[in-house]
Amino acid sequence: MSRDVAVIGAGMSPFGDLGRTAKSLFAEAFSEALDSVDNGLDPGDVKEAYIGNMGFGGGQIGNLAALMTEHARMLHIPTRKVENACASSGYAFRDAYLAVKSGAVDVALAGGVEVMNDVPDVRKRFWLGVSGDTEWERLAGLTFPGVYAMMAVRHMHEFGTTREQMAAVAVKNHGNGARNPKAQFRKEITIEKALSSAIVAYPFTLYDCCGTTDGASCVILAAKNVVRTYTDAPVWVLGSGAASDHLAVHDRESLTRLEATARASRAAYAQAGITANDVDVAEVHDCFTIAEILAVEDLGFATKGEGGRLAAEGLTARDGKIPVNPSGGLKAKGHPLGATGAAQIHETFLQLRRGAGDRQVPNPENALTHNVGGSGATCAVHILGI
Amino acid sequence: MGGIAAVGFYLPRFVITAGEYRRGAGRFDANGIEEKGVPGFDEDEITMAVAAGERCLVAAGRRSVDVLAYATSGMLGGGAIVAEALGLDPAKARDVRGSPDAGETSLAGAIDGATKDRTTHLVLATDAPHGDPASAEEDARGGAAVALLVSPPGKVLWRRGSVPSQSVIRHRVGDAGAASVLLSFLTTLDPSDVAGDLDVAAALRDRSPVTYDQYLAMRERRMPPGTEFSQGAYVSLPAYLGEKKARYRLIGERCTKCGRLHFPPRETCLTCGAQAWEDVLLRRTGKVYAYTIIGKGAAPSEFLEQQLAVGEYATAVVELDDGPRVAAMLTDVNPTTVRIGMPVRMVFRRLYTQEGVARYGFRFAPY
């Protein structure tokens, strides 16, 4: 038994440095998701829950999912945490999708939550970079920005990509974030400002990197046979693709291509029966500026090596040929690790239903989300449409 | 008759002058010392002994010895680690510690053993400043290591008291404890009598001066208050030492079924899925494939101490000349001069200390 599946509701907490608990943020995201279901939905209708979370800072590492669902009016529901680093809730969404598609349940929840700013700085830095390869990469002194910085150095070397092109990604995404009331960073920036801020890991300045963010996101999925009970404007899941790769970058054949992205997107396009040319808006995993450049290439929006030019020439702007990260992306909207994947689905849910306000892109019919774990060891790609 | 057949020595690349030391410390209580050798932040008695030992074994063309004697004036032993880093049997290592004449004692014992038992001995005398930098006892102390291979057909003999104590070594290396006298002895040898590099003068010229602040930083090993290790990522000691061959000696694994070479080691062959391996000692040279520079305050906790002491560092993916790539920190290099394609060579260094245990392994340096 295999059925069509739609997203019928989506919500998210504000993203930022919020001074709030995970359960409070998650409860807010779930409430907003419930409210977004046009004809209403009883929390008891949700039969399975998948909660993305990395566990940043320690806190409630074990059994987190039960705590989240308990505080979100879903006591006693079958629930579990899904962990794939920054791709946790992209995979939580895939798991919920497969549960509904398989016929096991009619309605499922995919969410995510991460609180990253409630720990002192001296403790916080020990939690950055824990999703890379610890035995070799980390003991070479590499950090998370460091691994992506090496990809950037290679991309510059192989294709002549410039720091200005990378900065253009940051400028675009901050411009979009300025129009997103839930974004962590809501100020436009300039190329000059991006280039002149402090170097974090050569060639990255502060503005090449996403921040540390608190936030939660929730998405409700329903099977085709029950969809009309809840809404007349469902957003269909047209394709779900996922893939993995070597954990350590030195084991990968190329540092300028994320194989997991290429494979996950190939599977998602095939299932949806579309190509990259048919995608009208994309939320991609821009944890660093180079990550968006790699993503637009590996997803097929640009040929390899041309990703930097795409941003610099405005082709990925809201009114460009292929709008990328109208939410502000991880760069400006924020990147609460475990919440990011479901938050991407939330943005495309709004965009496809023409509900994205000041940042609405013109008349999208197909949307793509791209969620990467760590430096590319895991990836989940989804294609949604109306 | 047993005698010295081959030698090797290692001088750290940094040096501090008596004047600079006096300016910084407000005293320099070390007669006859004009400058002294300063081990880098990732060096210590053990890493310097490995460097000297490698040179000596290469000169001698040997891959095994009957006895390895690790001599140092400090109280910490190191012979077993040095043996493993050199590919020698750690069960044949012994430590001779706690005395400045540990090197001479070990050498005399080695010659005696080689003569009576026809055994081959590697004598490693190594020393680094290890006291309290605030104390005047620190002033004279310098770092250096020397290695001597003693074997039955060796030609050169050693007699106690045959080396003047106020040699060029004391003037320019400082008091390198157990290594001092044997290093001085090296300068008296004739190249036709022993194998190995004897050009101490060239090595002395090759060093870079440091300020007293830099000297202190390289001696400093202290985590800032509040630092906690191992919160989100942790490599346990058993996990670390389980890969000792790869970490200490760059030993890769070749699949015995299909022949594919892997480094770092993995559990199953990527090509054929087999799980049977033979060790391959990889060439230690390679090129920088990709790199970055980790800015201040951004290091993983294991390297926070290093970064606070000596600042930003470069780290890279190195493509080995034998093919595999590996992530490795670069050392002995100004980070801003690193480029893709830069030739680098493996060096054995102290990486970090956790739970009171120093962890050693490879880094790469330009050559």
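**Exercise 1. Find which residues of α2(B) meet which residues of α3(B), and describe how the two helices cross.**

Step 1: list the contact. From α2(B), the residues B:Ile46, B:Ala49, B:Val50, B:Gly53, B:Glu54 and B:Leu57 touch B:Ile81, B:Val82, B:Ala85 and B:Leu86 of α3(B). Contact here means heavy atoms within 4.5 Å. Helices (H or I, at least four residues) and strands (E, at least two) are DSSP runs, numbered from the N terminus.

Before going on, a word on the model. It is predicted, so local features need pLDDT of at least 70 and side-chain atom pairs count only at pLDDT 80 or more, while totals for chains, interfaces and linings use all residues. Residues are numbered from 1 along each chain as its sequence is written, chains are lettered from A and ligands numbered from 1 in the order in which they are written, and side-chain values use heavy atoms, with hydrogens and water left out.

Step 2: sort the contact residues by class. Eight are nonpolar, one is polar and one is charged. Ala, Val, Leu, Ile, Met, Phe, Trp, Tyr, Cys and Pro count as nonpolar, Asp, Glu, Lys and Arg as charged, and the others, Gly among them, as polar.

Step 3: look at the spacing. An α-helix has 3.6 residues a turn, so residues three or four places apart point the same way.

Step 4: take the geometry. Helix α2 (residues 45-60) of chain B packs against helix α3 (residues 79-86) of chain B at about 45 degrees, and their axes are 9 Å apart. That angle makes α2(B) oblique to α3(B). Axes are lines fitted to C-alpha atoms, for helices over the stretch in contact, and angles run from 0 to 180 degrees between N-to-C directions. Angles under 35 degrees count as roughly parallel, over 145 as roughly antiparallel, 65 to 115 as roughly perpendicular and the rest as oblique.

Step 5: name the hand. The crossing of α2(B) with α3(B) is right-handed. A crossing is left-handed if the near helix is turned anticlockwise from the far one by less than a right angle, and right-handed if clockwise.

**Exercise 2. Do the same for α5(A) and α10(A).**

Step 1: helix α5 (residues 144-159) and helix α10 (residues 289-298) of chain A pack at about 60 degrees, with axes 9 Å apart. They are therefore oblique to each other.

Step 2: the crossing of α5(A) with α10(A) is left-handed.

Step 3: A:Tyr148, A:Met151, A:Ala152 and A:His155 come from α5(A), while α10(A) supplies A:Ile290, A:Ala291, A:Ile293, A:Leu294 and A:Glu297. This contact has seven nonpolar residues, one polar and one charged.

**Exercise 3. Work out the strand order of the open sheet in chain B and say which strands stand at its edges.**

Step 1: the three strands run in the order β3-β2-β8, with mixed pairing. Two strands pair if DSSP finds at least two bridges between them.

Step 2: β3 (35-38) and β8 (208-209) are the edge strands, each with a single partner, so one side of each lacks a neighbour in the sheet.

Step 3: β2 (residues 14-17) pairs with β3(B) in the antiparallel sense over four bridges. Within that pairing, B:Ile16 has B:Lys36 as its bridge partner.

Step 4: add the helix. Helix α1 (residues 18-25) of chain B packs on the sheet, touching β2 and β3, and its direction makes about 70 degrees with that of β2(B).

**Exercise 4. Describe the hairpin of β15(B) and β16(B).**

Step 1: β15 (residues 343-354) and β16(B) pair in the antiparallel sense over ten bridges. B:Val344 stands opposite B:Pro366.

Step 2: two residues lie between the strands, and B:Glu355 takes a positive phi near 55 degrees.

Step 3: is β16(B) largely enclosed or open? Seven of the ten residues of β16 (residues 357-366) are buried, so the rest of the structure largely encloses this strand. Buried means under 20% relative accessible area, exposed over 50%, and partly exposed in between (1.4 Å probe, protein chains only).

**Exercise 5. Place B:Ser151 and B:Leu250 in the fold.**

Step 1: B:Ser151 belongs to strand β7 (residues 144-151) of chain B, and at 6% relative accessibility it counts as buried.

Step 2: B:Gly2 is 149 residues from B:Ser151 in sequence, yet 5.2 Å away in space, C-alpha to C-alpha.

Step 3: B:Leu250 sits in the loop between α10 (244-249) and β9 (251-255) of chain B. Its phi is near 60 degrees, a positive value in a residue other than glycine. B:Leu250 is buried, at 0% relative accessibility.
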